Amino acid sequence: MKYIFIFFVFYIIPNQAKSQWERHIVDNLGSGADGIRLRDVNNDNRLDIVTGWEESSFTKVYLQPKFKQIKKKWPSVIIGNTPSVEDAIFFDINEDQKIDVLSFTEGKSQKIFVHFNLHNKFLEPTNWKQELLPQSNNRMSWMYAIPMQVDNKNGVDIIAAGKGKNAAIGWFESPLNPNYLYNWTWHEIAKIGWIMSIYNKDMDLDGDQDLVITDRTGEFAGCRWLENPGPSKEQQPWNNHYIGAQGLEVMFMCIADLDQDGTDEILVSERTDNSIRIYFKHNSAWIEKVIKLPSKTGKAKSIEVGDINNDDVFDLIVSTNTLNEKKEGLIYLSGTKLTTPTERDWISISGTHNAKYDKVELIDLDKDGDLDVLICEENHGLNSEGLGIVWYENPSNN
């Protein structure tokens, strides 16, 4: 019996260790890392990062290092002073083939800043010139944005939205010369409560890009899409179409072909019932499937779809806010368990700790053939510094 007991001790401990993926730090030298946007800005076939650090009041750009350095902190540069920054995106605003950055701020700032990329010397602070987008000033607390061509003229436009007082979703119209920021014009599309997600997708198959959004609070809370009236009628109303989750506190969403049948589903994370809502299109109606989150995790924050365990079936990856409790804030559910999942079917990625995770990004950072999880965590630690920008190494192919 002595030898059997020793065998079980050594057998159980390694399996317990595998329940938490190894975590690697991209950057933790700041407070309040709030979201990740990805783009290959220097044409090296590696996705780079821009992130706003809300409590530290700056925006940073990160260049993804080569494979041998991927588990070390990434080269980075602070590109501007951005108080209460909530979102930042890569966007070549003046179409000079150099990727600029836009920062979106809330609180007492309520501005959109343009960080012009002057010489493509990304890691040099003097490469970046910050200016205010005048039409954005004090209009609302800005929360989220995407680039999109709306009117089929001049350059690419900016879809943007906010929260709270005067909150709306709308677009900034690119002028003939986009360098003249005072010539950008704001057009309101619809009133909102608190924007969380914006996707552009041709929902009615009429050839133009509509907007799919999650609105967290207020009269229009839920997941809906706004019908683009077309470039010749760009200032006409965008008709509203509900998809689901009306009246719920919806968070981030994703659009993906979960069942791999050739048609995208819409997946929404929501906090009211702490669930994932999956919407399947059937003729002109949406069919809803509800998957409750387990008690071992926090309040739903984001949902993403990908084949995590390399079984050719798409899985659900969920991030949460554990609300000052030590819980498993980052978890996933195998796609083979979607019909009637139990609490035990949810697998931990992060392990247990107090965490406020943001939106999940799936990317094979260590080039071993499986999807790793790249994410921000902003609210754990001294002065809300959090874990910062981190990635979790998928053990599937180890």
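Student: Why is the sulfur of Cys-376 not in a bond with the closest cysteine sulfur?

Tutor: The closest one sits in Cys-254, 18 Å from the sulfur of Cys-376, and that is too far for a bond. A disulfide needs a pair of cysteine sulfur atoms within 2.5 Å, so 18 Å fails the test. Before we go on: this is a predicted model, where local features need pLDDT of at least 70 and side-chain atom pairs count only at pLDDT 80 or more, while totals for chains, interfaces and linings use all residues. Residues are numbered from 1 along each chain as its sequence is written, and side-chain values use heavy atoms, with hydrogens and water left out.

Student: What makes Cys-223 too far for a bond?

Tutor: Its sulfur is 10 Å from the closest cysteine sulfur, again in Cys-254, so the 2.5 Å limit rules it out too. The structure holds zero disulfides.

Student: How do you know whether Cys-223 and Cys-376 are buried or exposed?

Tutor: Buried means under 20% relative accessible area, exposed over 50%, and partly exposed in between, using a 1.4 Å probe and protein chains only. Cys-223 comes out at 0% and Cys-376 at 1%, so both count as buried.

Student: What makes strand 8 largely enclosed by the rest of the structure?

Tutor: Six of the six residues in strand 8 (residues 112-117) are buried, which is why it gets that description. Ile-112, Val-114 and Phe-116 point one way, Phe-113, His-115 and Asn-117 point the other way, and all are buried. As for the name, strands are DSSP runs of E with at least two residues, numbered from the N terminus.

Student: How do you know which strands pair with strand 8?

Tutor: Two strands pair if DSSP finds at least two bridges between them. Strand 7 (residues 100-105) is joined to strand 8 by four bridges, running antiparallel, and strand 9 (residues 128-132) pairs with strand 8 over five, also antiparallel. Both counts meet the cut-off, so both are pairs. Ser-103 stands opposite Phe-113, and Val-114 stands opposite Glu-131 in strand 9. Between strands 7 and 8 the hairpin has six residues, and Gly-107 takes a positive phi near 60° there.

Student: Why are strand 10 and strand 13 said to stand at the edges?

Tutor: They belong to an open sheet of four strands, ordered 10-11-12-13 with antiparallel pairing. Strand 10 (141-148) and strand 13 (185-191) each have a single partner strand, so one side of each is left without a neighbour in the sheet. Inside that order, four bridges join strand 11 (residues 157-163) to strand 12 (residues 168-173), with Phe-172 as the bridge partner of Ile-158.

Student: What makes up the lining of the largest pocket, by class?

Tutor: Ten nonpolar, two polar and 15 charged residues. Ala, Val, Leu, Ile, Met, Phe, Trp, Tyr, Cys and Pro count as nonpolar, Asp, Glu, Lys and Arg as charged, and the others, Gly among them, as polar. Of the 27 lining residues, Asp-34, Glu-86, Phe-252, Lys-301 and Asp-358 lie nearest the centre, so by those rules Phe-252 counts as nonpolar and the other four as charged.

Student: And which strand gives the most to that lining of the largest pocket?

Tutor: Strand 6, with three residues.

Definitions and conventions. On a 1 Å grid over the protein atoms alone, a cavity is a set of points where a 1.4 Å probe fits but cannot get out, and a pocket is an open set with protein on both sides within 12 Å along at least five of seven lines; lining residues have an atom within 4 Å of a point.
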